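Reader: Hi! I've got a structure to look at for class and could use some company. Can we go through it together?

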Amino acid sequence: MPTLHIEHAISDITLWKAAFDRFAGFRRRSGVLRHRIQRPVGDPGYVVIDLEFATTEEAEAFLAFLRTKVWSSGENAPALVGVPETRILEPVESG
């Protein structure tokens, strides 16, 4: 199951989470099967997000949407600080 892995700094977790939640319906329609949000211990100003998809093409299309419609807009990404780091990961093994 391909995973879109995203990491970036944020200015406020509550503001960031509200913006993330506004796109819940679009995530479902775009093929996101599951998501996971994490923060590094001791760093409340940073988030790590994993979005799982059925296909790599869906992950790539969603990443393009994030880059062009979400992260490029202060209104859509009000708590984003800097440029997110992203990778599309493919499974090798799980246990």
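Author: Happy to; below we talk through the sheet, a helix, a cavity and one alanine, and please keep in mind that this is a predicted model.

Reader: Cool. In what order do the strands of the open sheet sit?

Author: The four strands run in the order S2-S3-S1-S4, and their pairing is antiparallel. The edges are strand S2 (34–38) and strand S4 (80–89), each of which pairs on one side only.

Reader: And what holds paired strands together in general?

Author: Strands of a sheet pair through backbone hydrogen bonds, in either a parallel or an antiparallel way.

Reader: Nice. How much are neighbouring strands turned against each other here?

Author: On average by 15°, ignoring direction.

Reader: Let's zoom in on S1. How many bridges does S1 make with S4?

Author: Strand S1 (residues 3–10) pairs with S4 over seven bridges, in the antiparallel sense. Along that pairing, Ile10 is opposite Leu80, and Glu7 is opposite Glu85.

Reader: What about S1 and S3?

Author: S1 and S3 also pair in the antiparallel sense, over seven bridges. There, Ala9 faces Tyr46 of S3 as its opposite residue.

Reader: So is S1 mostly covered or mostly open?

Author: Mostly covered: six of the eight residues in S1 are buried.

Reader: Which helix lies across S1?

Author: That is helix H3 (residues 56–70), which lies across S1, strand S3 (46–52) and S4. The angle between H3 and S4 is about 170°.

Reader: Switching topic: how many cavities of 30 Å³ or more are there?

Author: The count is one cavity, with about 230 Å³ of space in it.

Reader: Which residues lie nearest the centre of that cavity?

Author: Trp16, Phe20, Leu66, Val70 and Trp71, out of 17 lining residues. S1, helix H1 (13–22), S3 and H3 each give two or more residues to the lining.

Reader: Is the lining mainly nonpolar or charged?

Author: The lining has 14 nonpolar residues, two polar ones and one charged one.

Reader: Last one: I clicked on Ala19. Where does Ala19 lie?

Author: Ala19 lies in helix H1.

Reader: And why does Ala19 count as buried?

Author: Because its relative accessibility is 6%, and buried means under 20%.

Reader: Which residues further along the chain does Ala19 touch?

Author: Leaving out residues up to four places away in sequence, Ala19 touches Asn76 and Pro78. Ala19 and Asn76 are 57 residues apart along the chain, yet their C-alpha atoms are separated by 6.5 Å.

Reader: Great, thanks!

Conventions
Residues numbered from 1 in each chain as written. Predicted model: local features only at pLDDT ≥ 70, side-chain atom pairs only at ≥ 80, totals over all residues. Heavy atoms only, no water. Pairing = 2+ DSSP bridges. Axes fitted to C-alpha atoms, helices over the stretch in contact; angles between N-to-C directions. Contact = heavy atoms within 4.5 Å. 1 Å grid on protein atoms, 1.4 Å probe; cavity = no way out; pocket = protein on both sides within 12 Å on 5 of 7 lines; lining within 4 Å. Points joined across faces, edges and corners; volume = space filled by probe spheres on them. Nonpolar A, V, L, I, M, F, W, Y, C, P; charged D, E, K, R; others polar. Buried < 20%, exposed > 50% of the residue type's maximum accessible area, 1.4 Å probe, protein only.
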